[in-house]
Amino acid sequence: MFKKSDILNIFSVGLKLFLITAIAAVILAVINSITKPVIEVNTYKKQNESMQKVLQTASSFEEADMSALALVDFPCAITGVYNGYDADGNVTGFAVMVSSGGYGGDVSLAVGIDNELKVTGIDVISHSETPGLGAKCVKDEFKGQFVGKSADIQVVKSGAKDNQIDAITSATITSRAVTNGVNTAISAVKFIKEAE
Amino acid sequence: MKEKSNNLKIFLNGLITENPTFVQLLGMCPTLAVTTSLKNGIGMGLSATAVLIASNALISLLRKIIPDKVRIAAYIVIIAAFVTIIEMLLNAYLPSLAASLGIFIPLIVVNCIILARAESFASKNTVGKSIIDGLGMGLGFTVALSIISGIREFFGAGTLFDIKIYADIITPPSIIIMAPGGFIVLGIIVAAINYITSKRKAGDN
Amino acid sequence: MSMVSIIITALFTQNFLMVKFMGICPFLGVSKKIDTAAGMGMAVTFVMAVASAITYFANLLLGESMQYLQTIVFILIIAGLVQFVEMFVKKMLPSLYSALGIYLPLITTNCAVLGVALLNVQNGFNFIQSVMYGTFAALGFTMVIVIFAGIRENIEEKYVPQSFQGMPIALITAGLMSIAFMGFSGFSI
Amino acid sequence: MSISVILYPVLIVGAIGLIFGCLLAFASIVFKVDTDEREELIVSELPGANCGACGYAGCSAYAAAIVNDGAPVNACSVGKDAVAEKIADIMGVSAEAVEPKVARVMCMGTHDVSIDKYEYHGISDCAAAARLAGGAKGCPNGCLGLGNCVSVCKFGAISIVNGVAVIDENKCTACGMCINKCPKHIIKFIPKKNKVWVPCSNNEKGAITKQYCSVGCLGCKMCEKVCPVGAVKVTDNFASIDFSLCINCGECAQKCPKNVIKTDL
């Protein structure tokens with residue numbers, strides 16, 4: 001049932017599509033290898049900036065050893081822990097990268113913690129919370145509440161006392177997600193300090 | 001002269017008479033989801049326009065070579081390649097815009113406008129006309145997106161281009177920014193356009 | 001994510017149409033009558049299930065270094081798959097084609113199918129989870145489009161102001177439906 | 001930029017392209033279905049946006065509907081009149097000259113000639129009544145007379161006379177809304193030129209039909225025998241006329257023992 005011209009036709013069509021896809025792949029591969037380093041630099045710079053913001057006392061950061069955390073099951077995923085060193089090289093605190101499940105998707109945070117396990121500052125690196133509601137977690141009046149707090153911070157609707165913070169109005173899921181992230185970061189640092 | 005007016009007609013056709021968002025109601029996925037702020041709306045519109053022009057041009061260039069049986073597959077490969085290139089460039093050189101456009105950059109590939117224009121226009125006309133059509137449709141899409149996102153951002157978040165207007169005075173109804181707002185605002189705009197065109201048509205005859 | 005929570009998120013909390021805004025073009029276009037809407041739903045379910053399966057393997061093939069090729073490979077597979085299935089069903093099962101096949105060319109330009117493939121990768125699902133998520137996301141799509149078609153059929157007979165007839169009233173109805181779906185948000189098992 | 005960084009993507013994407021290219025070409029030969037070439041012509045005219053605004057599931061479905069079951073040529077809201085003209089030339093029919101037809105109710109079982117199974121006091125809606133054992137009327141295919149078709153008819157062409165819907169020929173614009181709305185599906189389109197039709201769709205045996213309706217068709221086939229052009233056929237116990245063959249002679253109406261067949265001569 002296959003005439004010679006049919007087979008020829010099949011291969012010619014197949015070859016044409018192969019050519020189009022192959023050329024597209026080449027262009028993509030070339031551009032990817034050019035832009036890949038630039039993107040890596042961008043993400044590293046962005047991360048460094050936010051670490052700087054959350055741990056003002058430190059000027060340079062170095063990856064801390066996270067072996068102690070491997071066996072502990074934390075509520076939120078920890079993507080990185082960095083020691084913060086000040087100008088003359090002693091450790092002033094830690095910057096912890098943590099990501100916790102928010103309302104619209106993952107909220108990734110940078111949490112600065114000093115040696116007395118107090119929060120020095122937090123910064124939201126990326127989120128997909130609802131604009132106008134959950135998205136308010138990037139604002140300073142919400143983030144500021146965490147500064148100076150220590151382990152297991154609670155979220156309350158309003159009138160927060162000592163170790164509590166006020167949730168963003170009608171965005172309790174996001175507020176709880178951020179708080180869980182911060183609590184996880186503090187407990188992670190506690191484990192690392194005990195392991196030393 | 002006839003050539004000139006013909007091109008202008010194609011351009012205006014994309015911009016007003018057959019506006020992809022308000023008249024043809026194509027490209028609904030990004031239109032409803034990304035238009036939460038004017039910055040996003042314009043960003044999305046312009047990146048879609050860039051892809052639309054580039055893909056229209058290349059597809060009309062290759063229209064004789066692409067066999068009809070794999071027509072859709074070939075067009076989608078070309079569009080997908082352009083979208084990935086734009087995605088890489090955006091991530092490398094404009095990271096802030098890339099963060100806010102999120103998952104919608106890859107979804108430009110299946111944005112019905114681009115494939116619809118590729119199939120109904122670019123595959124049948126010369127490169128020059130296709131580029132103009134791409135530009136017209138792209139700008140029509142961008143204008144439509146900006147109108148919708150402007151209204152939604154102003155009423156829903158009380159800001160415009162992230163500049164606070166009445167956001168602190170009264171808390172704006174954030175439902176307009178959320179999912180349902182997109183549908184309702186677009187529905188009202190299309191109704192208004194129907195009303196205007198029917199008034200204008202009544203005025204003509 | 002456990003199986004049940006995948007089903008619940010795919011059907012309700014992250015419904016592809018009402019919350020994630022994917023697949024709106026066919027949702028508005030093909031929802032004039034319940035039977036065409038149901039046909040579209042079934043076709044989308046079939047394609048999304050098969051596409052989730054195949055794109056899972058394609059992603060394994062790409063591995064870590066070539067993640068940037070995801071979009072082009074996925075969409076190529078979906079387009080090729082849909083066109084092949086359409087020809088196959090048109091020839092081999094004409095009765096099925098008359099009910100289901102005519103929607104297949106529409107599905108290549110459906111944001112939901114590529115969306116589910118990309119989300120499977122982003123959520124890091126294994127094979128079974130991907131197929132489950134693809135199938136139930138499509139069932140969520142079908143559920144919403146059939147309900148919407150039912151409402152639109154009813155609106156057809158009621159009085160609607162002249163400039164609101166057709167698409168505007170459909171859009172506003174969809175808006176009200178998505179308010180209802182917001183009731184599911186933040187609900188998880 | 002080592003070679004493998006370029007080579008692997010080209011191989012993978014190219015291979016997938018090649019596989020699908022051959023597969024689709026192979027499929028288009030093996031699965032060749034001879035469609036009406038007018039359909040392809042129409043699809044090429046349509047904008048190809050597959051938006052579904054014409055009420056069909058995309059352009060190819062709409063083209064098939066035009067060619068096979070005579071869908072209106074001007075339903076494409078995107079292409080508007082420009083596309084409508086082109087399709088009309090392809091189909092060789094002028095955009096408006098569709099054969100005029102009128103909707104008629106296939107039942108005459110008014111209260112005085114038919115008996116009810118039970119007294120119905122529910123909501124006055126045919127669809128609701130039809131759910132209760134097929135409605136109050138004795139005949140399973142009879143008109144329930146609760147006015148769903150009346151409420152849906154935008155032209156006021158339908159009225160309920162003594163428990164049965166009657167359609168006024170002059171006001172009816174053949175929009176078809178009543179046909180979809182009737183839960184018993186007994187409203188049918190009949191070309192205006194046909195003056196003879198069988199207003200009954202009872203598919204039960206004559207002996208049973210007699211028990212609950214005195215104007216029901218018993219399927220006695222008298223009309224089938226006497227029709228000069230063989231236009232009348234009795235299928236599942238009731239007569240139906242092929243309107244393309246019928247010459248409006250009215251023979252069947254005279255011979256029908258229960259004078260069920262209605263004429264408008």
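Here a colleague quizzes a modeller about some labels used for this predicted model.

Colleague: Let's start with rings. What makes the pair Phe84(C) and Phe88(C) "stacked"?

Modeller: Two values. The ring centres are 6.4 Å apart, and rings pair if their centres lie within 6.5 Å, so they count as a pair. The planes are 25° apart; under 30 degrees is called stacked, so that's the label. Over all chains, the count comes to 10 aromatic pairs.

Colleague: How far apart are Phe84(C) and Phe88(C) along helix 4 of chain C?

Modeller: They're 4 residues apart in helix 4 (residues 70-92), so about one helical turn separates them.

Colleague: And are those two buried or exposed?

Modeller: Neither, quite. Phe84(C) has a relative accessible area of 22% and Phe88(C) has 34%. Buried needs under 20% and exposed needs over 50%, so Phe84(C) and Phe88(C) are both partly exposed.

Colleague: Then why is Thr174(A) called buried?

Modeller: Its relative accessibility is 2%, and the cut-off is under 20%, so buried it is. Thr174(A) sits in helix 4 (residues 172-195) of chain A. Neighbours within four places in sequence aside, it touches Tyr103(A), Glu129(A), Gly134(A) and Cys137(A).

Colleague: How do you know that the charged end of Lys101(D) sits over the ring of Phe189(D)?

Modeller: It's 4.8 Å from the ring centre. The rule asks for within 6 Å, plus a position within 35 degrees of the ring normal; the distance fits, and the pair is listed as sitting over the ring. Arg104(D) does likewise over the face of Trp197(D), at 4.0 Å from the ring centre.

Colleague: Now helices. What makes helix 1 of chain A "roughly parallel" to helix 4 of chain B?

Modeller: The axes of helix 1 (residues 4-54) of chain A and helix 4 (residues 71-93) of chain B cross at roughly 10°. Angles under 35 degrees count as roughly parallel, so the name follows. Those axes also come within 8 Å.

Colleague: Which residues make the contact between helix 1 of chain A and helix 4 of chain B?

Modeller: From helix 1 of chain A, they include Leu17(A), Ile20(A), Ala24(A) and Ile31(A); from helix 4 of chain B, Val77(B), Ile78(B), Ala81(B) and Met88(B) are among them. The contact residues divide into 17 nonpolar, 6 polar and no charged.

Colleague: Last one: why is Asp168(D) called partly exposed?

Modeller: Its relative accessible area is 29%, which lies between the 20% and 50% limits, so partly exposed fits. Asp168(D) is in the loop between strand 3 (164-167) and helix 7 (177-181) of chain D.

Notes: Residues numbered from 1 in each chain as written. Chains lettered and ligands numbered in written order. Predicted model: local features only at pLDDT ≥ 70, side-chain atom pairs only at ≥ 80, totals over all residues. Heavy atoms only, no water. Phe/Tyr/Trp six-rings, centres within 6.5 Å; stacked < 30°, edge-to-face > 60°. Helix = DSSP H or I, 4+ residues; strand = E, 2+ residues; numbered from the N terminus. Buried < 20%, exposed > 50% of the residue type's maximum accessible area, 1.4 Å probe, protein only. Axes fitted to C-alpha atoms, helices over the stretch in contact; angles between N-to-C directions. Parallel < 35°, antiparallel > 145°, perpendicular 65-115°, else oblique. Contact = heavy atoms within 4.5 Å. Nonpolar A, V, L, I, M, F, W, Y, C, P; charged D, E, K, R; others polar.
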